[in-house]
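Hi everyone, thanks for making time for this. I'd like to walk you through one protein chain, starting with a small detail and working outwards. Please have a look at the picture first.

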Amino acid sequence: MRADPKSHGLWELTAPAPADTGPLVGDAEADVVVIGGGYTGLSSAIHLAEAGVRVGLLEASEIGFGGSGRNVGLVNAGMWIMPDTLAATLGSPFGERLIEPLSRGPQKVFELIEKHGIECELERAGTLHCAVGRRGLQEIEMRAEQWQQRGARVVLLNAEETRRKIGGGIYTGALLDERAGTIQPLAYVRGLARVALAAGAKIFTRSQVLAASDTGSRWRIGTAKGSVNAKWIIVATDAYGNGLWSQVRREQIHLPYSILRRGPCRTI
Ligand SMILES: Cc1cc2nc3c(=O)[nH]c(=O)nc-3n(C[C@H](O)[C@H](O)[C@H](O)COP(=O)(O)OP(=O)(O)OC[C@H]3O[C@@H](n4cnc5c(N)ncnc54)[C@H](O)[C@@H]3O)c2cc1C
């Protein structure tokens, strides 16, 4: 299992079972078709269904097959890029318009989890960005100052405070981001699917979208065994798209990434 890069690893062992879903068979109608069963697609499906919109969600594999079911589980309030750099790059007012919802992101996630009682090992204890050496410390000092100017709940810890927080280590300091937290990612995405179903969304798994044609007033979305007609589509395929929306793929870069765990490991 560990040698399979598409395995959900440890997350699979501790996540609740997925909701009972299956492939789309035959023709269906919806107001909106959502393509992709990760956080983006399911969050869209929940909010639309709660607003009374008829939603059909098509997932090529299983719920959480993509990044949503295999990430680290950090609920971060921002990007790695510094807030000032983001603001300068996008210009006014677009930079701050992006930074503000990013900052509120964890709160939104926590509210959704608590409102619907999603079992996903939520921890709201914040996250630590630990600094290595003098340059690392300067970087988190800058980051702290830029966030604090925007009123964010971030606290700079010195080396001793950092050691006490994590029980050792040689870090020169840390940025405690009190807005952030952690979740069990696969459990969360499976929980979102249950919430979407309860709100009235129709979810079809093992239903890869193979064709999409715009007939002028409606979209016709085809899978191997069926199709959905809808006025709107939301493409939430992340980097897993199969070439139907090449413009989405062009915006992405391929970055190999591994999650390493320190200390004794259980064989899974
Ligand atoms: C190793 C790793 C660690 C990460 N750690 C973190 C972290 O700690 N914190 C954080 O905030 N973010 C993290 N991320 C990023 C985060 O996981 C993603 O940003 C997020 O999951 C994207 O969600 P999504 O719904 O947009 O896409 P995905 O979850 O990738 O879902 C896209 C879905 O679309 C489906 N699909 C694709 N093509 C089709 C088609 N033609 N028809 C039907 N379905 C289709 C796929 O099967 C897939 O299930 C990490 C990512 C990785 C890879």
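Let me begin with a definition: two strands count as paired if DSSP finds at least two bridges between them. Keep in mind, too, that what you see is a predicted model.

Now to our small detail. Which residue in β6 does Cys130 stand opposite? The partner is Ala174. The two strands involved here are β4, which covers 127-131, and β6, which covers residues 173-177. Five bridges join β4 to β6, and these strands run antiparallel. In general, strands of a sheet pair through backbone hydrogen bonds, and they can do so in parallel or antiparallel fashion.

Let's step back to the sheet around that pair. Three strands make up this open sheet, in the order β4-β6-β5, and the pairing is antiparallel. Which strands sit at the edges? Those are β4 and β5 (154-158), each pairing on one side only. From one strand to the next, the twist averages 20°. Then there is a helix to find: α6, made of residues 159-166, lies across β4, β5 and β6. Relative to β5, helix α6 runs at about 100°.

Stepping back again, we come to the domains. According to the domain assignment, domain 1 takes in 9-72 + 185-250, while domain 2 is 74-182. How far apart are the centres of the two domains, taken over C-alpha atoms? The answer is 30 Å. Where they touch, domain 1 and domain 2 contribute six residues each. On the domain 1 side of that contact, five residues are nonpolar, one is polar and none is charged.

Next, the ligand. It is surrounded by 31 residues, and the closest are Gly36, Gly38, Gly66, Gly67 and Asp238. Which helix gives the most to this shell? That is α2, residues 39-50, with three residues. The shell around the ligand divides into 12 nonpolar, 16 polar and three charged residues.

Finally, the whole chain. You can count eight helices and 11 strands in the chain. Its C-alpha atoms fill a box of roughly 65 × 50 × 35 Å along the principal axes. Of the 268 residues, 33% are buried. And here is a number about the fold: among contacts between residues at least 6 apart in sequence, 72% join residues at least 24 apart.

That's my tour, and I'm happy to go back to any part of the picture.

Technical notes:
Residues numbered from 1 in each chain as written. Predicted model: local features only at pLDDT ≥ 70, side-chain atom pairs only at ≥ 80, totals over all residues. Domains from an automatic or database assignment. Contact = placed C-beta atoms within 7 Å. Nonpolar A, V, L, I, M, F, W, Y, C, P; charged D, E, K, R; others polar. Near = placed C-beta within 6 Å. Helix = DSSP H or I, 4+ residues; strand = E, 2+ residues; numbered from the N terminus. Axes fitted to C-alpha atoms, helices over the stretch in contact; angles between N-to-C directions. Buried ≥ 20, exposed ≤ 12 C-beta atoms within 10 Å, placed from the backbone.
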